[in-house]
Each structure stands twice: as structure tokens, then as C-alpha cells.
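Visitor: I am new to this structure and would like to know what the usual terms rest on.
Guide: Then let us look at it first and take the terms in turn.

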Amino acid sequence: MKSLFLTKLTAIASVLTSSLIGAFAGQKVEQRAELRVGDEAPDFKLPGSDGKTYRLSEFRNKKIVVLAWFPKAFTPGCTRECRAFAQQADAFEGLPVAYFTVSADTPEDNKRFAESLKAQYPILSDPTRQTALAYGVLTNPQGFAQRWTFIIGPDGKILHIDKQVKVDSHARDVADWIRNWLQQHPEWKPQE
């Protein structure tokens with residue numbers, strides 16, 4: 001009985017703490033339902049490590065979009081994952097895809113991170129964490145993103161969510177998933 005009471009009390013304290021942290025930080029804490037396959041993907045406007053700004057809506061009907069969230073630049077697992085995207089770029093050749101890794105790090109940190117990896121793809125930054133909150137990859141407004149990858153269809157709807165990322169083969173795994181989806185949907189052609 002005491003154990004159940006303590007579990008419930010801990011859960012309530014966690015929700016209140018998250019709300020208070022967001023309130024004191026001046027951020028709106030939005031408790032939203034977890035995104036699922038078939039849901040409309042939240043639009044975003046995020047700076048890339050290449051100095052450009054990217055919006056999901058720019059790719060509508062033109063490309064499949066990959067958002068591979070990672071917790072923190074320059075950490076071992078995140079370095080391996082982002083390096084895989086940099087070194088396995090050939091896996092995406094010929095695919096109508098825009099792929100990004102993304103974290104809550106600053107644009108300056110992710111620029112240095114991309115340079116250290118010799119990444120030819122953009123690493124996006126979400127230092128306000130608003131996009132991360134919209135995608136549900138944060139457990140609280142001050143935290144690190146979870147290592148989840150969203151594959152978003154040309155219609156702006158979520159095609160696939162990978163929550164079991166294998167960092168060393170992730171780029172090839174994502175490209176294979178997209179290739180398979182395209183084979184199952186031969187009717188879709190990107191608009192120019």
C-alpha cells in the first residue's frame with residue numbers, strides 16, 4: 001500500500017516539477033499526446049549547421065524528410081550516430097529524401113560538431129526545445145532529446161517512428177526503410 005502511494009506521489013511530483021521548470025523558464029509546457037504513425041508532423045523552422053534555415057513545409061510533396069533526434073553533440077553515442085549519417089551518405093543517393101540529425105544544442109555547437117564529423121548533411125539545432133516538445137522527444141523542457149527518428153512522408157504525415165535506434169547502422173537502416181516504402185508506393189513521384 002505504501003509503495004503504491006509513493007509511486008503515485010512520485011508521478012505527481014514529476015509532472016508538477018516539469019510544469020514549474022517550464023513556467024520559471026518562461027516556456028509554455030505543453031502536455032500533448034504522443035505522436036503516432038499517420039499523424040501530421042509538426043512543422044518546424046530550425047537553423048542548420050550549414051548556416052541555412054529549414055522548414056518541414058518546404059519539402060511538402062517534394063521529399064521524404066528524416067528527423068533523427070539525438071541527445072547531445074560530442075557525446076559518444078551521438079557522435080557514432082551522426083558519424084554514421086556522415087559516412088553512409090551514399091545510402092541516400094538517388095532517394096527523394098532530405099535527412100537531418102537534430103538536437104537541442106546551440107547552432108554554434110552543432111556547427112562545430114558537424115565540422116568535427118566532416119558531415120555534408122545539415123545538423124539542425126533546437127535550443128528553445130519547442131520543436132522537440134512538439135515531437136514529444138523531451139521528458140521535460142530543460143532535458144535532452146530522446147534518440148528517436150521520425151520519417152515524414154511527402155504529404156507531411158509521419159510514416160515511421162524508430163525508437164530503437166542502432167547508432168552504427170542508423171543511416172543505412174533509415175535509407176533501407178525509405179527504399180522499401182518507395183517500392184510499396186510506386187504511385188508517388190516527387191514534384192519538381
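**Terms and values**

Guide: An open sheet is formed by 5 strands in the order 5-4-3-6-7, with mixed pairing. The edge strands are strand 5 (123-125) and strand 7 (158-162). This is a predicted model, in which local features need pLDDT of at least 70 and side-chain atom pairs pLDDT 80 or more, while totals for chains, interfaces and linings use all residues. Residues are numbered from 1 along each chain as its sequence is written, and side-chain values use heavy atoms, leaving out hydrogens and water.

Visitor: What makes strand 5 and strand 7 edge strands?
Guide: Each of them pairs on one side only. Strands are DSSP runs of E with at least two residues, helices are runs of H or I with at least four, and both are numbered from the N terminus.

Visitor: How do you know that strand 3 and strand 6 are joined?
Guide: Two strands pair if DSSP finds at least two bridges between them. Strand 3 (residues 64-69) and strand 6 (residues 149-152) have 4 bridges and run antiparallel, so by that definition they pair. One of the bridges has A68 with T149 as its partner in strand 6.

Visitor: Why is the pair of F92 and Y99 called stacked?
Guide: Rings of Phe, Tyr and Trp (its six-membered ring) pair if their centres lie within 6.5 Å; planes under 30 degrees apart count as stacked, over 60 as edge-to-face and the rest as tilted. The centres of F92 and Y99 are 4.0 Å apart and the planes are at 15°, so the pair is stacked. The structure holds 12 aromatic pairs, and ring pairs link F85, F92, Y99 and Y121 into a cluster.

Visitor: Are F92 and Y99 buried or exposed?
Guide: Both F92 and Y99 are buried, where buried means under 20% relative accessible area, exposed over 50% and partly exposed in between (1.4 Å probe, protein chains only).

Visitor: What makes a set of residues a nonpolar core?
Guide: The members are buried Ala, Val, Leu, Ile, Met, Phe, Trp, Tyr and Cys residues joined through side-chain atoms within 4.5 Å. The largest such core has 29 residues, of which F85, F92, V97, Y121 and I178 touch the most other members. Helix 5 gives the most to this core, with 6 residues.

Visitor: Which residues is I178 in contact with, leaving aside its neighbours within four places in sequence?
Guide: I178 is in contact (heavy atoms within 4.5 Å) with I64, V66, L95, V97 and I151.
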